[in-house]
Amino acid sequence: MGDREVYLNNVWVNAAKNQREYDEVEAMKKRYQDCKRAETGATIICPTCKKRIIKRTYNKIFCKNDCKDKFWNNTSDKRRERAKDFNRK
Ligand SMILES: [Zn+2]
């Protein structure tokens, strides 16, 4: 492979990686919406670690505070990152 092919291949690999990360964050957000909609007493899946938990109170979404922090860090970081990418183009 020439330098240009290597470069293009790297661009493609990075794009695929970003897409996968983006998809994962989107899936996380979808799980979050599912948890929010679930009734109290229902089994829900923690949006961050996918652990099955019982929704004991109407506003219970995450299995632990760690997962809650991680969720918000992830979802807002990705938004920032993509905004940055967008401005560069
Ligand atoms: Zn969790």
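**Group meeting: a predicted α-β-β-α chain**

Good morning. I begin with helix α1, which covers residues 3–37. This helix has 35 residues, and the distance from its first C-alpha to its last is 51 Å, close to the 51 Å expected at 1.5 Å a residue. Please keep in mind throughout that this is a predicted model.

How many of the 35 residues of α1 are buried? The count is 0, and α1 is accordingly described as hardly covered. E26 is a residue of this helix. It counts as exposed because it has 12 C-beta neighbours inside 10 Å. E26 can also be related to a distant part of the sequence: T75 is 49 residues away along the chain, while the two C-alpha atoms are 8.3 Å apart in space.

Let me now turn to the chain as a whole. Its secondary structure amounts to 2 helices and 2 strands, and along the sequence these follow the pattern α-β-β-α. Of the 89 residues in the protein chain, 8% count as buried. As for contacts between residues at least 6 apart in sequence, 27% of them join residues at least 24 apart.

Two loop residues deserve attention. The loop between β2, residues 52–54, and α2, residues 65–88, contains I61. Is I61 buried or exposed? I61 counts as buried because 22 C-beta neighbours lie inside 10 Å, the threshold for burial being 20 or more. Which residues does I61 contact, once its neighbours within four places in sequence are left aside? They are Y32, C35, K36 and P47. For one of these, C35, there is a C-alpha distance to report: C35 and I61 are 26 residues apart along the chain, yet their C-alpha atoms are separated by 5.7 Å.

The second loop residue is K50, located between β1, residues 43–45, and β2. K50 counts as exposed, because its C-beta neighbours inside 10 Å number 12. Its backbone is also worth a remark. Most residues other than glycine have a negative phi. For K50, however, phi is near 65°, a positive value in a residue other than glycine.

To close, I would set the two loop residues side by side: I61 is buried, whereas K50 is exposed. Thank you for your attention.

Definitions and conventions. Residues numbered from 1 in each chain as written. Predicted model: local features only at pLDDT ≥ 70, side-chain atom pairs only at ≥ 80, totals over all residues. Helix = DSSP H or I, 4+ residues; strand = E, 2+ residues; numbered from the N terminus. Expected span 1.5 Å × (residues − 1). Contact = placed C-beta atoms within 7 Å.
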